[in-house]
Amino acid sequence: MNPLLWIFQFIFGCRHRHRSRVFTIKHRTYRVCFDCGREFDLRTGSR
Ligand SMILES: [Zn+2]
């Protein structure tokens, strides 16, 4: 992957579309990106 693109994604969050379904573990709700492994917290009110 282009390093600049990686840094951009690191700062602003990834824009991949391959994301897992929503998990809820220990009162934490999040999804995982299959492409870069990032975790995305889902908070009440934000979809
Ligand atoms: Zn990603």
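How many residues lie between β2 and β3 in their hairpin, and which residue in the turn has a positive phi? The hairpin of β2 and β3 has 6 residues between its strands. Gly37 is the turn residue with a positive phi, at about 80 degrees.

The model is predicted. Mean pLDDT for the protein is 80. A value of 70 or more is reached by 83% of the residues. Confidence is highest in strand β2 (residues 28-32), with a mean of 90. Helix α1 (residues 3-12) has the lowest confidence, with a mean of 74. Where pLDDT is low, the predicted coordinates should not be read in detail.

The secondary structure consists of 1 helix and 3 strands. Along the sequence, these elements follow the pattern α-β-β-β. The 3 strands make an open sheet in the order β1-β2-β3, and their pairing is antiparallel. Strands β1 (23-25) and β3 (39-41) are the edges of this sheet. Each has a single partner strand, so one side of each lacks a neighbour in the sheet. From one strand to the next, the twist averages 40 degrees.

The pairing of β1 with β2 is antiparallel and comprises 3 bridges. Phe23 has Tyr30 of β2 as its bridge partner. Thr24 is matched with Thr29, also in β2. These two strands form a hairpin with 2 residues between them. In that turn, Lys26 has a positive phi of about 50 degrees.

On the other side of the sheet order, β2 and β3 run antiparallel and are joined by 3 bridges. Val32 is placed opposite Glu39 of β3. The turn of this hairpin contains Gly37.

Asp35 also belongs to the loop between β2 and β3. Is this residue exposed, partly exposed or buried? Asp35 has 14 C-beta neighbours inside 10 Å, and therefore counts as partly exposed. Leaving aside residues up to four places away in sequence, Asp35 touches Cys14, His16 and His18. Arg17 is separated from Asp35 by 18 residues in sequence. In space, the C-alpha atoms of Asp35 and Arg17 are 8.4 Å apart.

Two totals describe the chain overall. Of the 47 residues, 0% count as buried. Among contacts between residues at least 6 apart in sequence, 6% join residues at least 24 apart.

Key. Residues numbered from 1 in each chain as written. Predicted model: local features only at pLDDT ≥ 70, side-chain atom pairs only at ≥ 80, totals over all residues. pLDDT = per-residue confidence, 0-100. Helix = DSSP H or I, 4+ residues; strand = E, 2+ residues; numbered from the N terminus. Pairing = 2+ DSSP bridges. Axes fitted to C-alpha atoms, helices over the stretch in contact; angles between N-to-C directions. Buried ≥ 20, exposed ≤ 12 C-beta atoms within 10 Å, placed from the backbone. Contact = placed C-beta atoms within 7 Å.
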